[in-house]
Amino acid sequence: LPATDIAYVRAHPAALIFALGARLLRKPVVHEVNGRTADIGVSYGLPASATRLLTMLQHAQYRWAAGLVAVTPGLADWLREIGIPADRTHMVPNGADGKLFHPQAEGGPEFAGAFALFFGGLVSWHGIDTMLTAVRDPAWPGGIRLVIAGDGPGRDVVEEAARQDS
């Protein structure tokens, strides 16, 4: 950190020590905001008091930040709602490049018929268990397959589900 000019970090309450060190060294930090702090509490089933503490610590990092990069317009709006000045909030979507990724693009696996696709990290807050439960529910639309592409802590669960039902 002492040798850097600026730091870019994915926003997370656990980045507090880094953000505090940068602040003490007068190094600008830009946080990439991928979700609201309350999402962590929901994802991990934390008590409300722990979620409030994490929120307080995260909001302190946001106030100290030289800039914040939100990955959706909704998150950019939320940052402004919690008091982050608009001139320090920027929106850079984390979506796929439509010029490279489209139905006629060459390469990759092919899936016959209609399907619902999830592409991303196999982490609890993306609702992997919810997707796997939904596809087994009688209300799931007939003829629609679920395709999951990604990696992460939920990989074993997804692979087991695929062994049970393609």
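## Two pockets and a helix pair

The second largest pocket in this predicted model has a volume of about 460 Å³. It's lined by 21 residues, and those closest to its centre are Leu-146, Val-158, Ala-162, Asp-165 and Ser-166. Three elements give two or more residues to that lining: α5 (128-136), β6 and α6 (155-164). Of these, α6 provides the largest share, with six residues.

Now for the largest pocket, which comes in at about 1,200 Å³. Its lining has 39 residues, and Asn-94, Phe-119, Gly-121, His-126 and Ala-149 sit nearest the centre. Here α2 (37-44), α3, β5 (115-119) and β6 (145-149) each chip in with at least two residues. The biggest giver is α2, with six residues.

Here's how the two linings break down by residue type:

| Pocket | Nonpolar | Polar | Charged |
|---|---|---|---|
| Largest pocket | 21 residues | 13 residues | five residues |
| Second largest pocket | 13 residues | three residues | five residues |

Helix α3 (residues 48-64) also has a partner: its axis and that of helix α1 (residues 16-24) come within 10 Å and cross at roughly 30 degrees. Angles under 35 degrees count as roughly parallel, so α1 and α3 are roughly parallel to each other. The crossing in which α1 passes α3 is left-handed. On the α1 side, the contact is made by Leu-16, Ala-19, Leu-20 and Arg-23, while α3 brings Leu-57, Gln-61 and Trp-64. By type, the residues of this contact are five nonpolar, one polar and one charged.

Technical notes
Residues numbered from 1 in each chain as written. Predicted model: local features only at pLDDT ≥ 70, side-chain atom pairs only at ≥ 80, totals over all residues. Heavy atoms only, no water. Axes fitted to C-alpha atoms, helices over the stretch in contact; angles between N-to-C directions. Helix = DSSP H or I, 4+ residues; strand = E, 2+ residues; numbered from the N terminus. Parallel < 35°, antiparallel > 145°, perpendicular 65-115°, else oblique. Left-handed = near helix turned anticlockwise from the far one by under 90°. Contact = heavy atoms within 4.5 Å. Nonpolar A, V, L, I, M, F, W, Y, C, P; charged D, E, K, R; others polar. 1 Å grid on protein atoms, 1.4 Å probe; cavity = no way out; pocket = protein on both sides within 12 Å on 5 of 7 lines; lining within 4 Å. Points joined across faces, edges and corners; volume = space filled by probe spheres on them.
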